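Please read the report below alongside the sequence and the coordinates, which are shown first.

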Amino acid sequence: MNKDALLIKITEGFFKNAEQNKLEVVYGENLKFIAWSISKNDNLKNFLDNPFISLSEKNEALDNIFSDVINSDVLRFAKILLEQNLLNSIWQVRQIYHDLLNDSKDILEGKIYTPFELSEDQISKLEDIFSQKTRKTSIFHQIIHKDLIAGIKVVINGYQYEYTIKDELNKRKNKIIQAIKEEENYGK
């Protein structure tokens, strides 16, 4: 089994445990905290990655750091990842978990690219439109993209919707090119 498939399988099992305990959000936040803590502390990251430090010493360090601040099941899960040499993939695990949580709650997260800041009301209206379109609750994260002249680009659920001047200009350019080709073929 490749690493990505293993991470998915392990995380799915962990998520089922969270569902049984009705602690899906808590477990997700705890995973996020562990991932953030490791990524922001080079000494901890180097310690956990060091092959000359025993697994029991690393587990003890995780206990000392996290036992008072995260759920014990999440800590056990982190130790399993450590034992399987997968703790360095904690951000990927956290994203898989987050996707599973969103799926369980019928939530789709997307991104809105705009050349300027949208108001909360504008984002809310777009979320409502896409929620109706996808039949799932849509949540958007705005990204300012100065290369867009005007309009927006929406990326959600693997699809991209462009409502931009650039997109409109490309469509018109393609129509003109197609008309020229048809004219050339007609003249032959």
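The report that follows describes a predicted model, taking up charged pairs, a helix, a hairpin, a pocket and a few single residues.

## Salt bridges within helices

A search over the whole structure finds four salt bridges, and three of them are described here, starting with pairs inside one helix. Side chains of opposite charge can pair when their charged atoms come close. In helix α3, which covers residues 42-49, K45 forms such a bridge with D49, and the closest N and O atoms of the pair are 3.6 Å apart, which falls inside the 4 Å limit for a salt bridge. Because K45 and D49 are four residues apart in α3, about one helical turn separates them. Neither end of this pair is fully covered, since K45 has a relative accessible area of 35% and is partly exposed, while D49 is partly exposed at 42%.

Helix α5 holds a pair of a similar kind, in which D73 bridges to R76 with the closest N and O atoms 2.1 Å apart. The two residues lie three places apart in α5, so about one helical turn lies between D73 and R76. An α-helix has 3.6 residues a turn, so residues three or four places apart point the same way. The two partners differ in their surroundings: D73 is buried, with a relative accessible area of 17%, just as the 20% cut-off for burial requires, whereas R76 is partly exposed at 47%.

## A salt bridge between helices

Which residue does the side chain of D63 meet in a salt bridge? The partner is K79, with an N to O distance of 2.6 Å. This pair links distant parts of the chain, as D63 belongs to helix α4 (residues 55-66) and K79 to helix α5 (residues 72-83), with 16 residues from one to the other. D63 counts as partly exposed, its relative accessibility being 27%.

## Helix α6 and its covering

Helix α6 runs over residues 90-104, and its 15 residues, at 1.5 Å a residue, should span 21 Å; the C-alpha atoms at its ends are 21 Å apart, so the expected and computed values agree. The buried residues of this helix are I90, V93, R94, I96, Y97, L101 and N102, a list that includes the charged residue R94. What covers these buried residues includes helices α1 (3-21), α2 (24-40) and α5, together with strand β1 (107-114). Just after α6, D106 takes a positive phi of about 55°.

## The β3-β4 hairpin and strand β2

Strands β3 (residues 151-156) and β4 (residues 159-164) run antiparallel and are joined by six bridges. K153 stands opposite E162 of β4. The two strands form a hairpin with two residues between them, and N157, which lies in the turn, has a positive phi of about 55°.

In strand β2 (residues 137-144) lies S138, which is buried at a relative accessible area of 3%. Leaving aside residues up to four places away in sequence, S138 touches L108, E127, F130, S131 and I156.

## The largest pocket

The largest pocket has a volume of about 250 Å³. Of the 16 residues lining this pocket, those closest to its centre are K45, L48, D49, L87 and N88, so that both partners of the α3 salt bridge return here. Helices α2, α3 and α6 each supply at least two residues of the lining.

## Loops and positive phi values

Most residues other than glycine have a negative phi, and most peptide bonds are trans. Against that background, K22, in the loop between α1 and α2, has a positive phi near 55°, and K22 is exposed, with a relative accessible area of 69%. N85 lies in the loop between α5 and α6 and also has a positive phi near 55°; at 65% relative accessibility, N85 counts as exposed.

Is D68, in the loop between α4 and α5, buried or exposed? With a relative accessible area of 76%, D68 is exposed. The C-alpha atoms of D68 and N46 are separated by 22 Å, and the two residues are 22 residues apart along the chain.

Conventions
Residues numbered from 1 in each chain as written. Predicted model: local features only at pLDDT ≥ 70, side-chain atom pairs only at ≥ 80, totals over all residues. Heavy atoms only, no water. Buried < 20%, exposed > 50% of the residue type's maximum accessible area, 1.4 Å probe, protein only. Expected span 1.5 Å × (residues − 1). Contact = heavy atoms within 4.5 Å. Pairing = 2+ DSSP bridges. 1 Å grid on protein atoms, 1.4 Å probe; cavity = no way out; pocket = protein on both sides within 12 Å on 5 of 7 lines; lining within 4 Å. Points joined across faces, edges and corners; volume = space filled by probe spheres on them.
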